[in-house]
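Please walk through this protein with the sequence and the model side by side. The text below takes a few places in turn and describes what surrounds each of them.

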Amino acid sequence: MKSLIQRVLQQLLGYDRYLWYFTLYKLKTLKWDKNENDFFHFLTLIKPNETVLDIGANLGLMSYYLAKNNKVIAFEPMPNNIAVIEAVKNKFNLTNLQLLTCALGSETKKIQLVLPVVDGVKKQGLSHVVDAKMTEFTEGKLFEADCYRLDEVQEVTGQKIAAIKIDVENFEYEVFRGAEAILKRDKPIIYCELWDNENRMQCFDYLEKLGYSRNVFRNDRLEQIQSNPNDIQNFFFLPKLT
């Protein structure tokens, strides 16, 4: 039923208008969505006026909330999503939100991304790098984008990064590999969505080697874990005290 409604709305409104109205709806309702409790706890961990990265900003929903109290540098390479984020920035006068229209990874190159189309519905939330080892949602509209290592992005390297929210659909490990210098230098808090697959385990191992503990939000508090819980997708990586 949900996909049917999405398909009808996308056909009636056109894809770009659909994205805009969907974004406005989500901005008004996100804080009541129990699935986003983890994100709102992440917000409480960030001190005011610090610099935060939103990697995989999608439609700018989390950038909007992050930018209320902090300087935000958002990364989003998908053209339709970029237009929505710019509209959100202008509508709500988010002067402390900077949008960079590129992808991030472990090397500088051109990459292809796919906007999945499932049963005639464009699934913008599942857009991903073509070589992200995805086995699902691989059919759709292709785009080309510039990809950079975070350690080489001038807008980021010149300032201290306090926190990172990252959701790049199974490409997180590659992004972290390209951000090693910044992760070692600044030890930012990381809030990350990870599917239960090889990419997740690679992220676990890599961040542990860089001095991070693995945490989940349970019973209204953060709990450090060593396991790989198959019922959880959102993880908090916190720098260990030395």
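Which backbone nitrogen does the side chain of Asp 151 reach? In this predicted model, the partner is the backbone nitrogen of Ile 182, at 3.0 Å from the Asp 151 side chain. Asp 151 sits in the loop that runs between β8 (140–148) and α6 (154–157). Its relative accessibility is 16%, and because buried means under 20%, Asp 151 counts as buried. Beyond four places in sequence, Asp 151 touches Thr 157 and also Gly 178, Ala 179, Glu 180, Ala 181 and Ile 182.

One of those contacts, Ile 182, leads on to Lys 187. Lys 187 is in the loop between α8 (180–186) and β10, and Ile 182 is among the residues it contacts when neighbours within four places in sequence are left aside. The other contacts of Lys 187 are Leu 210, Gly 211, Tyr 212 and Pro 239. With a relative accessibility of 31%, Lys 187 counts as partly exposed. Leu 59 is 128 residues from Lys 187 along the chain, and the C-alpha atoms of the two are separated by 27 Å.

A second acidic residue has a polar contact with a backbone nitrogen: a polar atom of the Glu 172 side chain lies 2.9 Å from the backbone nitrogen of Val 168. Glu 172 belongs to helix α7. Is Glu 172 buried or exposed? Glu 172 is buried, because its relative accessible area is 1%, where the limit for buried is under 20%. Setting aside neighbours within four places in sequence, its contacts are Ile 166, Asp 167, Cys 192, Glu 193, Leu 194, Asn 199 and Cys 203. Asp 119 is 53 residues from Glu 172 in sequence, and 27 Å from it in space, C-alpha to C-alpha.

Helix α7 also takes part in a pocket. The second largest pocket holds about 170 Å³ of space. It is lined by 14 residues, and those closest to its centre are Asp 131, Ala 132, Lys 133, Phe 171 and Glu 174. Two elements, α7 (172–177) and α9 (198–209), each give two or more residues to this lining. By type, the lining of the second largest pocket divides into 4 nonpolar, 5 polar and 5 charged residues.

Next comes the nonpolar interior. The largest nonpolar core contains 81 residues, and Ile 55, Phe 75 and Ile 190 have the most contacts inside it. Helix α4 (residues 61–66) contributes the most to this core, with 5 residues. What does Phe 75 contact, apart from its neighbours within four places in sequence? Its contacts include the run Leu 53, Asp 54, Ile 55, Gly 56 and Ala 57, as well as Leu 100, Cys 102 and Leu 104. Leu 150, Val 153 and Val 156 are also in contact with Phe 75.

Helix α4 appears again in the surroundings of α3. In helix α3 (residues 37–44), the buried residues are Asp 38, Phe 39, Phe 40, His 41 and Phe 42. They are covered by elements that include α4 and the strands β9 (163–166), β10 (189–193), β11 (212–218), β12 (221–224) and β13 (234–239).

Leu 115 is another buried residue, with a relative accessibility of 2%. It is part of strand β5 (residues 109–118). Not counting residues up to four places away in sequence, Leu 115 touches Tyr 15, Met 78, Lys 122, Lys 123, Gln 124, Ser 127, Glu 139, Gly 140, Lys 141 and Phe 143. Glu 36 is 79 residues from Leu 115 in sequence, and 23 Å separate the two in space, C-alpha to C-alpha.

Two loop residues remain, and the backbone angle phi is the point of interest in both. Asn 58 is not a glycine, yet it has a positive phi of about 60°. It lies in the loop between β1 (51–55) and α4, and at 23% relative accessibility it counts as partly exposed. Asp 220, likewise not a glycine, has a positive phi of about 65°. Asp 220 is found in the loop between β11 and β12. Its relative accessible area is 70%, so Asp 220 is exposed, the cut-off for exposed being over 50%.

Terms used
Residues are numbered from 1 along each chain as its sequence is written. This is a predicted model: local features need pLDDT of at least 70, side-chain atom pairs count only at pLDDT 80 or more; totals for chains, interfaces and linings use all residues. Side-chain values use heavy atoms; hydrogens and water are left out. Helices (H or I, at least four residues) and strands (E, at least two) are DSSP runs, numbered from the N terminus. Buried means under 20% relative accessible area, exposed over 50%, partly exposed in between (1.4 Å probe, protein chains only). A polar contact is a pair of N or O atoms within 3.5 Å; within protein, one must be able to donate a hydrogen and the other to accept it, and residues adjacent in sequence count only if both atoms are side-chain atoms. Contact means heavy atoms within 4.5 Å. On a 1 Å grid over the protein atoms alone, a cavity is a set of points where a 1.4 Å probe fits but cannot get out, and a pocket is an open set with protein on both sides within 12 Å along at least five of seven lines; lining residues have an atom within 4 Å of a point. Grid points are joined across faces, edges and corners, and a volume is the space filled by probe spheres set on the points. Ala, Val, Leu, Ile, Met, Phe, Trp, Tyr, Cys and Pro count as nonpolar, Asp, Glu, Lys and Arg as charged, and the others, Gly among them, as polar. A nonpolar core is a set of buried Ala, Val, Leu, Ile, Met, Phe, Trp, Tyr and Cys residues joined through side-chain atoms within 4.5 Å.
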